[in-house]
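Student: I'd like to go through this structure with you and ask how each label is earned. Can we take the labels one at a time?

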Amino acid sequence: MLAYRHAFHAGNHADVLKHLVLVQVLRYMAEKDKPYRYVDTHAGAGGYLLKGQQAQKTAEYREGINRLWSRPDLPPLVADYVRLVQEFNLQPGEDGVQPVLEKGMTPPLALYPGSPSIARQLLRRTDQMRMFELHPTDARTLAAHFGGNKHVQIFNEDGFAGLKGQVPPNPRRGLVLMDPSYELVGDYGKVIAALREAVVRFAEGVYMVWYPQVSRVESAQLPKRLMALSPKGWLHVRLTVSQPGERGFGLTGSGMFIINPPWTLHAQLKEVMPFLVETLAQFDGASYVIEEQPA
Ligand SMILES: C[S@@+](CC[C@H](N)C(=O)[O-])C[C@H]1O[C@@H](n2cnc3c(N)ncnc32)[C@H](O)[C@@H]1O
């Protein structure tokens with residue numbers, strides 16, 4: 001049985017990096033008229049109550065989204081992501097209508113959207129959504145919020161194994177987010193195996209992999225292993241916010257590795273990463289890395 005629940009971590013520094021990059025890639029995908037398929041191999045519950053018991057227990061969002069929430073000086077790309085999270089915090093009224101976020105308005109931070117909700121905000125009516133979530137409770141929550149749409153399919157199944165059935169999509173355009181919990185050390189190898197197979201089937205797909213920066217050799221080696229299987233271009237960004245605890249453990253940062261990234265992404269990240277380092281730092285040595293192999 002899986003012990004990991006994303007509700008404990010929702011909105012932390014790792015979600016900020018992951019979702020900020022996701023927003024920019026989704027926006028890029030929407031620039032072309034042709035519909036595409038979004039595949040979330042580890043979707044989570046889709047949204048989280050920050051005042052709920054689980055999020056309050058660790059309150060990781062306080063060192064993440066909370067540090068960005070009401071800052072008036074956000075760089076435009078950070079403001080774009082924060083605005084989407086703010087819109088998610090506007091609950092539909094009794095009439096079911098979603099209120100509009102007025103300029104200058106900052107709702108209280110009570111909810112944090114998971115990757116499926118962020119994607120839903122930016123997918124068009126004709127784009128397809130495929131979500132895998134192994135935890136039965138989270139999969140049920142997803143189904144309750146996303147089901148009943150012919151463009152959306154939700155699988156309470158293993159996303160590593162399910163990916164190959166989703167690529168290549170028809171029409172042949174797609175974006176995959178692979179965001180495992182790495183609760184089991186075998187996940188690192190499964191990321192590589194699943195992507196190796198997927199890029200053979202669909203070399204032109206855009207693949208985004210999140211990984212934790214922790215004191216494990218598997219985590220340190222993952223970017224190099226991903227570079228080796230990328231058919232053409234790739235981009236790697238890592239944000240380090242803290243140092244390991246006394247016993248040498250802890251999530252000190254995280255990275256995103258993108259296969260076939262939008263050509264615009266490198267310049268966008270160069271613009272925002274210094275701000276994220278400054279804003280999310282928990283020690284003096286906070287830093288970032290961006291490296292890329294253009295296609
Ligand atoms: C880091 S969370 C996902 C968060 C989500 N992508 C987001 O950004 O909001 C990882 C999720 O993967 C689920 N999970 C773990 N192993 C899985 C597997 N093999 N296939 C699908 N889901 C899995 C966990 O239950 C957890 O909800």
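Tutor: Sure, what follows is a set of labels, each set against its cut-off. This is a predicted model, so local features need pLDDT of at least 70 and side-chain atom pairs count only at pLDDT 80 or more, while totals for chains, interfaces and linings use all residues. Residues are numbered from 1 along each chain as its sequence is written, and side-chain values use heavy atoms, with hydrogens and water left out.

Student: What makes Asp 179 count as buried?

Tutor: Buried means under 20% relative accessible area, exposed is over 50%, and partly exposed is in between (1.4 Å probe, protein chains only). Asp 179 comes in at 12%, so the buried label fits. UniProt, in an unreviewed entry, lists Asp 179 for "active site"; such annotations may be inferred rather than shown by experiment.

Student: Where does Asp 179 lie?

Tutor: In the loop between strand 6 (174–178) and helix 7 (186–201). Helices (H or I, at least four residues) and strands (E, at least two) are DSSP runs, numbered from the N terminus.

Student: Why is the link between Lys 18 and Asp 15 called a salt bridge?

Tutor: The term asks for a side-chain nitrogen of Lys or Arg within 4 Å of a carboxyl oxygen of Asp or Glu. For Lys 18 and Asp 15, the closest N and O atoms are 2.8 Å apart, so the pair qualifies. Both sit in helix 1 (residues 13–29), three residues apart, which means about one helical turn separates them. Lys 18 has a relative accessible area of 2%, so it is buried, and Asp 15, at 0%, is buried too. Asp 179 joins these two in a network of salt bridges.

Student: How do you know that Asp 80 and Arg 27 form a salt bridge?

Tutor: Their closest N and O atoms are 2.8 Å apart, within the 4 Å limit. Asp 80 is in helix 3 and Arg 27 in helix 1, so this pair ties together parts 53 residues apart in sequence. Asp 80, at 17%, is buried, whereas Arg 27, at 34%, is partly exposed.

Student: What puts the buried residues of helix 5 on the same side?

Tutor: In helix 5 (residues 136–146), the buried ones are Asp 138, Ala 139, Leu 142 and Phe 146. They cover an arc of only 100° around the axis, so they share a side of helix 5; the arc is taken from the directions from the helix axis to the C-beta atoms. On the other side, Arg 140 and Ala 144 are exposed.
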